[in-house]
Amino acid sequence: MQGVFLLLFTMQQPAAPQSTIEFTGFVLVNGFYNSASVNNSDVPQFANVDAIGLGAVGGIIRQTRLGVLINDPNVLRGVFSGEIDIDFFGGQQPSSGGRTFPLLRLRRALATLTWTNAGSSMQLLIGQEGPLVAERSPRSLASVGFPDFAGAGNLWLWIPQVRLTGEFGKTLRLALQGAVLAPGTGSPQTTFTTQPDSAERSGRPSLESRLRLSWGPTDDPSEVGIGGHIGWFLGDDTLSGDTLLVSQSVSADGRFKFGIAEFVGEAFAGKALAGLGGGGIGQNTGAAGVPVQTKGGWGQLNLRPTSEWIFGGGCGIDDPDDADVAANGRLKNFVCEGHLEWRPRGPMVFGFEFRRFKTTYAVGDFSASHVNLAAGYRF
């Protein structure tokens, strides 16, 4: 009888939580039309200075994404989660078929450890992720390789970093965050060999901090936040040698849920922000080598009247100080968009987006329209 009791007792014990690995994907096909010349035909950010009568149509599949999610409930007395997020937006081979042979690109790769206590939690993040001060991006099926409003108020670039977050409270949750990021100016590299850019040659990492207040469901919260960024890079001073210059910004962001409505947005002011994904419309320094002062932001409203339909729209702007910009540089970029998504039962999704660009140069304003049809499926 004792053996039978021990067997029954063992069978009734709850199974220990297990680690899991999940493979995910989003196959996405986009067809598009541009009314005039833009900087990147399939996923544009701004109108070119010659944006007159240079329309085009095309189709791509390189915004397709693949991912791996790893979860383990017992690592270093905390909960571990890891994510790898890749797409095919790494460019194309210089060949006749290059447009249909896109190159793989690592978007995000990160690991987090979370320790939870009564009414508080601590999280450590290590990996490549969006800037702490600008993690949000608009909803879009047309602009996935680059987030919508990149170059028009959206600071987004995925950057290697170490981040620590402490959150306190249950109903109202206050979080203090700090991050050390790899320095960078956003300047292009050569095909194979990597060389340090002027931010890396400064010998200093970038630093960021953020204060966040959230409420509502923990998996779908409303939030407001304020943050700050500072980095350093070497400017070219022919009289005294390399001069240490500063990249910095202050930012505010928010996400608000009201029934079927969601409003999300960000705003910033700073200088030399091209290393964060297009701030100052991709211009770190301009006239006389001075850091380009800039301000901008974006906002988007989304409505979900049913589980299958989502529609909305938004606008973004990046407005550098004209006096700081080089003679042939971009003085302002203003973008508005409207979108519609249909997500029927099952894995498929369909979308439509219209985007209008107005980019200002010293010689005048140039505009372009982008129309995008999307279809895809998730697994």
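# Exercises on a predicted chain

Helix α2, which covers residues 279-282, contains I281. The model is predicted, with residues numbered from 1 along each chain as its sequence is written, and local features need pLDDT of at least 70 while side-chain atom pairs count only at pLDDT 80 or more. Totals for chains, interfaces and linings use all residues, and side-chain values use heavy atoms, with hydrogens and water left out.

## Exercise 1: Backbone of I281 and A288

Task. Determine the phi of I281 and state whether this residue is buried or exposed.

Solution. Step one concerns the backbone: I281 is not a glycine, yet its phi is positive, about 50°. Most residues other than glycine have a negative phi. Step two concerns the surface: with a relative accessible area of 2%, I281 is buried. Here buried means under 20% relative accessible area, exposed over 50%, and partly exposed in between (1.4 Å probe, protein chains only).

Step three takes up A288, a non-glycine residue with a positive phi of about 60°. A288 sits in the loop between α2 and β13 (293-303). Its relative accessibility is 81%, so A288 counts as exposed. Helices (H or I, at least four residues) and strands (E, at least two) are DSSP runs, numbered from the N terminus.

## Exercise 2: The disulfide

Task. Identify which cysteines are joined by a disulfide, and describe the setting of the link.

Solution. Step one is the criterion: a disulfide is a pair of cysteine sulfur atoms within 2.5 Å. In chemical terms, a disulfide is a covalent bond between the sulfur atoms of two cysteines. Step two applies the criterion, which yields a count of 1 disulfide. The partners are C315 and C336, with an S to S distance of 1.9 Å.

Step three is the geometry: the link of C315 and C336 is right-handed, with 105° about the S-S bond. Step four places the partners: C315 belongs to strand β14 (residues 309-320) and C336 to strand β15 (residues 330-342), so the link ties together parts 21 residues apart in sequence. Step five is exposure: C315 is partly exposed at 30% relative accessibility, and C336 is partly exposed with a relative accessible area of 23%.

## Exercise 3: Two buried loop residues

Task. State which residues are in contact with Q283 and with R136, leaving aside neighbours within four places in sequence.

Solution. Contact means heavy atoms within 4.5 Å. Step one treats Q283, which lies in the loop between α2 and β13. Q283 is buried, with a relative accessible area of 11%. Beyond its neighbours within four places in sequence, Q283 contacts A274, V292, P320, V325, G329 and R330. G97, 186 residues from Q283 in sequence, lies 32 Å from Q283, C-alpha to C-alpha.

Step two treats R136, found in the loop between β6 (120-129) and β7 (159-168). R136 is buried, at a relative accessible area of 13%. With neighbours within four places set aside, the contacts of R136 are N154, R210, E223, D253, G254, R255, V264, G265, E266 and W298. R136 and D324 are 188 residues apart in sequence, and their C-alpha atoms are 28 Å apart in space.

## Exercise 4: Two exposed residues

Task. Give the C-alpha separation of N117 and F168, and that of G346 and R378.

Solution. Step one: N117 lies in strand β5 (residues 105-117) and is exposed, with a relative accessible area of 59%. The C-alpha atoms of N117 and F168 are separated by 9.6 Å, with their positions 51 residues apart along the chain.

Step two: G346 lies in the loop between β15 and β16 (348-361) and counts as exposed at 57% relative accessibility. G346 and R378 are 32 residues apart in sequence and 8.8 Å apart in space, C-alpha to C-alpha.

## Exercise 5: The whole chain

Task. How many helices and strands are there in the chain, and what is its radius of gyration?

Solution. Step one: the chain has 2 helices and 17 strands. Step two: its radius of gyration is 23 Å, close to the 21 Å given by the globule rule for 379 residues, so the chain is as compact as a globular protein of that length. The radius of gyration is taken over C-alpha atoms, and the globule rule is 2.2 Å times the number of residues to the power 0.38.

Step three: the C-alpha trace spans about 95 × 50 × 45 Å along its principal axes. Step four: 45% of the 379 residues are buried. Step five: of the contacts with a separation of 6 or more, 59% join residues 24 or more positions apart.
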